[in-house]
Amino acid sequence: MERKIIIGILVLSVLGFLLMSVNDTYAQSMTNPIPLSLGKGVSVERGAAIFAQQCATCHGLSGRRDGPRSFSWTKEQYMPDLSVKEVITGRDEQLFTNIKEGLARFPEPMIVMPQWKYILSDEDIWSVIKYIQTLPRM
Ligand code: HEC
């Protein structure tokens, strides 16, 4: 009687172990298809997610000054077109500084660009610059 119980327990634990390892292999084969804006590394995907969250409201998803906020601005209120090559190529350092520190080159009623240094990390900012630099092709 005692022997049967011990064998039963052994069989159950072997089965349990097998089931667990099958489950593990399945979990390891899955990858999250959604790019995260957090985490390490500079990438266009990360930049795209940040741009959609933080920047598109003013600049528009494709950088063409057509964000939802643009409806309350007049034509005179300056907003750069981020799909223009001259604005976004060959000026990496300057773009980085202007995004990090903010930009207010004109007096009111011109719109200012907020500073992002307390909201975005340096890697976030470089990612967003990489994303902006894909805009002329869109
Ligand atoms: C409140 C509206 C607003 C938001 C939000 C905003 N911007 Fe701007 N952005 C502006 C304005 C206005 C300017 C032009 C300011 C100037 O020239 O004085 C500008 C300028 C820029 C420029 C051009 C800088 C240069 O050196 O030519 C870049 C690049 C830019 N923004 C990127 C971003 C990114 C990236 C984000 C999100 C992290 C963002 N902006 C969020 C309003 C905004």
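A nonpolar core is taken here as a set of buried Ala, Val, Leu, Ile, Met, Phe, Trp, Tyr and Cys residues joined through C-beta atoms within 7 Å. In the structure described here, which is a predicted model, the largest such core has 15 residues. Phe51, Val128, Tyr131 and Ile132 have the most contacts inside this core. Helices H2, H4 and H5 each supply at least two of the core residues. In soluble globular proteins, nonpolar side chains tend to be buried together.

The protein contains five helices and zero strands, and its pattern along the sequence reads α-α-α-α-α. The domain assignment divides the protein into domain 1, covering 1-30, and domain 2, covering 44-137. The centres of domain 1 and domain 2, taken over C-alpha atoms, are separated by 55 Å. Along the principal axes, the C-alpha atoms of the protein fill a box of roughly 90 × 30 × 30 Å. The radius of gyration is 26 Å, whereas a compact globule of 138 residues would have a value near 14 Å. Buried residues account for 16% of the 138 residues of the protein. Of the contacts between residues at least 6 apart in sequence, 52% join residues at least 24 apart.

Helix H5 spans 122-132. Its buried residues are Asp124, Ile125, Trp126, Ser127, Val128, Tyr131 and Ile132. These buried residues pack against H2, H4 and helix H3, the last of which spans 85-88. Within H5, Val128, Tyr131 and Ile132 are both buried and among the residues with the most contacts inside the largest nonpolar core. When residues up to four places away in sequence are not counted, Ile132 touches Gly63, Leu82 and Ile88.

The surroundings of the ligand were examined next. There are 25 residues around the ligand, of which Cys55, Cys58, Arg105, Ile111 and Met113 come nearest. By class, this shell has 19 nonpolar residues, five polar residues and one charged residue. Arg counts as charged, so the one charged residue of the shell is Arg105, which is also one of the residues that come nearest to the ligand. Helices H2 (44-59), H4 (92-101) and H5 each supply at least two residues of the shell. The largest share, five residues, comes from H2. The helices H2, H4 and H5 therefore contribute at least two residues each to the shell around the ligand and at least two each to the largest nonpolar core as it is defined above.

Technical notes: Residues are numbered from 1 along each chain as its sequence is written. This is a predicted model: local features need pLDDT of at least 70, side-chain atom pairs count only at pLDDT 80 or more; totals for chains, interfaces and linings use all residues. A residue is near a molecule or strand if its C-beta atom, placed from the backbone, lies within 6 Å of it. Helices (H or I, at least four residues) and strands (E, at least two) are DSSP runs, numbered from the N terminus. A residue is buried if 20 or more other C-beta atoms lie within 10 Å of its own, exposed if 12 or fewer, and partly exposed in between; C-beta atoms are placed from the backbone. Two residues are in contact if their C-beta atoms, placed from the backbone, lie within 7 Å. The radius of gyration is taken over C-alpha atoms; the globule rule is 2.2 Å times the number of residues to the power 0.38. Domain bounds come from an automatic or database domain assignment.
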